Structures are given as structure tokens and as C-alpha cells.
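User: Let us go through the pockets, the ligand and the cavity. Please set each value against its definition.

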Amino acid sequence: MGQVIDKKYNGLSVPSGEKVKFVNGKPQCPDKPIIPFIEGDGTGADIWKASKRVLDAAVEKAYGPKRSIAWFEVFAGEKANNEFGSWLPEDSLEAIKEFGVAIKGPLTTPVGGGIRSLNVSLRQIFDLYCCVRPVRYFAGVPSPVVSPEKLDVVIFRENTEDVYAGIEYPIDSAEAKKLIELIATFGKTIRPDSGIGVKPMSRFGSQRLVRRAVQYAIEQKRKSVTLVHKGNIMKFTEGAFRDWGYQLAENEFAAATISEEKLWKEMEGKLPSDKVLVNDRIADSMFQQVLLRPDEYSVIATPNLNGDYLSDACAAQVGGLGIAPGANIGDNCAIFEATHGTAPKYAGLDVINPGSVILSGAMMLEYLGWTEAMKLVHDALGKTIQKKLVTYDFERLMKGATKLKTSEFASAIIENMA
Ligand code: NAP
């Protein structure tokens, strides 16, 4: 069942289905949600075809005819530019805004011409302040460490502030000169031949990110939330992030959380089963911690730059850079996406690993509350890799593996759902 929506986007009719609604920042998913998808550039077409088949199969297996996804193609990137003369058509933005939850393959970042990264644009337009990257190990994936299975973290990276806010002025610019003069009036010296970048971090921006991380930890029964910061050096930005994080946990989640300090003062370090531990680590030490004591961490909340580095480092640790899923989430919109690029040299060859979009799709199913379908995808993908049925990128690193095409890999995952 579903309602008929008359409006067309990019000249395409909306399939029969219903909108995902948001209440207090949370999605309310109907049985047949309309989900806009952006196929993506380069290898995107191969990846999307494979991913859609896997996601549809999981939903069908989990819920039979009761539930299904009404996929609705929207356009961005090269495909949009070729067909509509725009890298990010207004209709595509309207459709994502209207239907709330979307998924996308990788997009080319146009070089030159003043066109901004499409990924960054989407994050800003929809205020997707929270970048979520789950990192876990799938048995059999080639990894550079001895016990990759010990790392199972979900990283919540602030997506809108920090040195990524885009407030930067080049050497010798009028703005840089003016700022250097202004800062001199505070008694601080900056060399005159400096470029200047500004690192804004607000209480509002930090706390809304930490709130999502704590909520997730409580809902998913995760044992801890670690605030990762460089507050020993940058006291009023990174240090404040830590303080605001603790304050938020104390003010809004007092019954469900406990700080590390209290845990040792009041409970001799024994975490009660009904509490989520909130602790903090300095960013450089955290890079050691995830290698040396990976199983001590669960949910990580961190500012933009730390999160960028840490997500890729963690993904590499479990051998999963090519299959790492990701999502950018706001209060009224969420976009699930490939974390790798378009890998243009493999475009149209049906060889690329579709794992990142498949797992991002599984994240989307979990976000919509369709946990059973999410689990089917995870289990089947895990089984397929364990059977050493993999695409070229894993095959070249594994002994005795069978090299599958993108489409064959998707078929193997679907078979393994049985
Ligand atoms: P890339 O597309 O990620 O590809 C670099 C290399 O990574 C590939 O040649 C391949 O390595 C490997 N790789 C990437 N995706 C893979 C997959 N699904 N399966 C197996 N291997 C994979 O990075 P790039 O060449 O620097 O960027 C190309 C374009 O993508 C640029 O326009 C860039 O701006 C854009 N980009 C988009 C996103 C996004 O949309 N989220 C992210 C990053 C980059 P081997 O050749 O060794 O097999």
C-alpha cells in the first residue's frame, strides 16, 4: 500500500509508497518507505545495482510482502550534469528534503570551476551534523593487525564545525592581514607570511553530536561513550568539547550514564549493568588505545578533524577501508553513503567491491528500525567472505580465495541469506 504523490522530481514520478517522518529527530518508518537513491559516478552504477539487490532480498526475507522499499532515483554528480546541466539539481535536493532518508554511491568531486564537493554540500544543505562510521571486523577479511575482531566501535564525528568550517584565508590576503593585526591587539604574534584558518567549536554543535552518541549507546546497549579530544593543547575548543560532553551526559542522561571519575570514586571501577560509561581520551593516545586495547572502546564521540583521521585509521585496522559504511545524520534527514570514492578506472567493469554501499544500506535499515533485515545483510556478507568468495580487492590479499565480479558477489550474499 502507499500513497500516490503527484509531484515529479527531475521529470520522474515518485513510486507508490510513504514518506519517512521525523519526530524529535527520530525517523518513523512506514512499511513501504520512499527512499531516494543517488547511484553515484564511476563505479557507482555497478555498486548500486548490486547493493539494491542485496537490500531488497534482506527486506523480503525478513518481512515477506509486509514491507518493502520504494526506491526513487534522484540525480547528482556527473549523471546529473550530463542529463540536467547541474551537478546537484534543485529537484534532487527537494526530493531528499521531502522523503528524509536517502542513500548514495560515491560522487566525483568536480575539479576547478568553483564547484564545491557534492558530499560537503549535501551535509551543509541538510545540516547533517553527525557523521556515523561503525567499524567492526568481518572474519576472513585481510587485516594488518593480529586480533582485528577486538575492535567494534561506532564513531560519531561532528560534521559541521572545527577547522572544516571552511573559514580560511590565504597568505597575503586582506582577510589574513586584518586578522593578524586584530590578534596582535590581543598581545599574540602571528608571522606576517601566514595563512589563517579558524577553528570554531560551539557548545550547541558539540552537545547535539554527543547527545546522538549517548542516545545510540543507551539504545544499542553499548557499554561506553568515549569523548576523544585534544583538550590538553586546545583548551577552549577541544577541551571545551570534552567538558560540554560530560555536562550533557550529566544533565540529560544522569540515570543512564556514569562518568569515569564517579565510577572509580563511588563504585570501585565496577560498571553497573544499567549504566553507560562516559569517559574521555586525548586524541593521540586514542590512536594507541584502539591498537593496544581495542576491546575497551565502544562508542566514540569526537570533533570533526579527529573523527576524520580516527575513522579511517580504525577502518584500516579491521581491513575494511574498501567496505566501510557511513552515514551523515541530522534531525530531519539522513544520508547513507559509500565512504570510498568513484574508483573511475574500474567503472563499468563489474569488478568493484560493493561492500561499503551494502553495509551503509544495512545501517540505513537499522536506522529505520528494520533490525532483522540489517542482521541478515551482516550475517550473509560475513558468511560470503568466510567462504572466501570475494571481489578482486580482497582476493589479491587472501590465500585460496575465489575472485567474484560485483554482481556475482551480490548473488553470493543473497544465496547466503538462505
Ligand atoms: P577512490 O575512488 O576511493 O579510489 C582509490 C582506490 O581505492 C581505487 O583505485 C581502488 O584501489 C580502491 N577502491 C576504492 N573503492 C573501492 C571499492 N569499492 N572496492 C575496491 N577497491 C576500491 O579515490 P580517488 O581515486 O582518489 O577518487 C576518485 C573520485 O572519487 C574523485 O573525484 C574524488 O573526489 C571522489 N571521492 C568521492 C567520495 C565520496 O563520494 N564519498 C569519497 C572519496 C573520493 P586499487 O586500484 O588498488 O584497487
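User: From which domains does the lining of the largest pocket draw at least three residues each?

Analyst: From domain 1 (1-129 + 328-418) and domain 2 (144-158 + 203-317). The bounds come from an automatic or database domain assignment. This is a predicted model: local features need pLDDT of at least 70, side-chain atom pairs need 80 or more, and totals for chains, interfaces and linings use all residues. Residues are numbered from 1 along each chain as its sequence is written, and side-chain values use heavy atoms, without hydrogens and water.

User: What makes a space a pocket, and what volume does the largest pocket have?

Analyst: A pocket is an open set of points on a 1 Å grid over the protein atoms alone, with protein on both sides within 12 Å along at least five of seven lines. The volume is the space filled by probe spheres set on the points, which are joined across faces, edges and corners. For the largest pocket that gives about 850 Å³. Its lining (residues with an atom within 4 Å of a point) has 40 residues, and Pro-134, Tyr-216, Gln-220, Met-363 and Glu-366 are the closest to the centre.

User: How does that lining divide by class?

Analyst: Into 23 nonpolar, eight polar and nine charged residues. Ala, Val, Leu, Ile, Met, Phe, Trp, Tyr, Cys and Pro count as nonpolar, Asp, Glu, Lys and Arg as charged, and the others, Gly among them, as polar.

User: Why is the second largest pocket said to lie between domains?

Analyst: Domain 1 and domain 2 both give residues to its lining, so the second largest pocket lies between them. Its volume is about 440 Å³. Among its 25 lining residues, Asn-119, Val-120, Arg-123, Arg-157 and Glu-337 lie nearest the centre. Helix H4 (118-125) gives the largest share, four residues. Helices (H or I, at least four residues) and strands (E, at least two) are DSSP runs, numbered from the N terminus. By class, the lining has seven nonpolar, eleven polar and seven charged residues.

User: Which residues come nearest the ligand?

Analyst: Thr-109, Gly-341, Ala-343, Tyr-346 and Tyr-392, out of 19 around it. A residue counts if one of its heavy atoms lies within 4 Å.

User: What makes a pair of atoms a polar contact?

Analyst: Two N or O atoms within 3.5 Å; within protein, one must be able to donate a hydrogen and the other to accept it, and residues adjacent in sequence count only if both atoms are side-chain atoms. Side-chain atoms of Lys-345 at 3.0 Å, Tyr-346 at 2.8 Å and Arg-396 at 3.2 Å from a ligand oxygen fit that. The protein buries 66% of the 880 Å² that the ligand exposes taken alone (Shrake-Rupley, 1.4 Å probe; for residues, only the protein chains shown count as cover).

User: What makes a space a cavity, and how many of 30 Å³ or more are there?

Analyst: In a cavity a 1.4 Å probe fits but cannot get out. The structure holds one of that volume. The lining of the largest cavity includes Glu-158, Met-201 and Phe-241.
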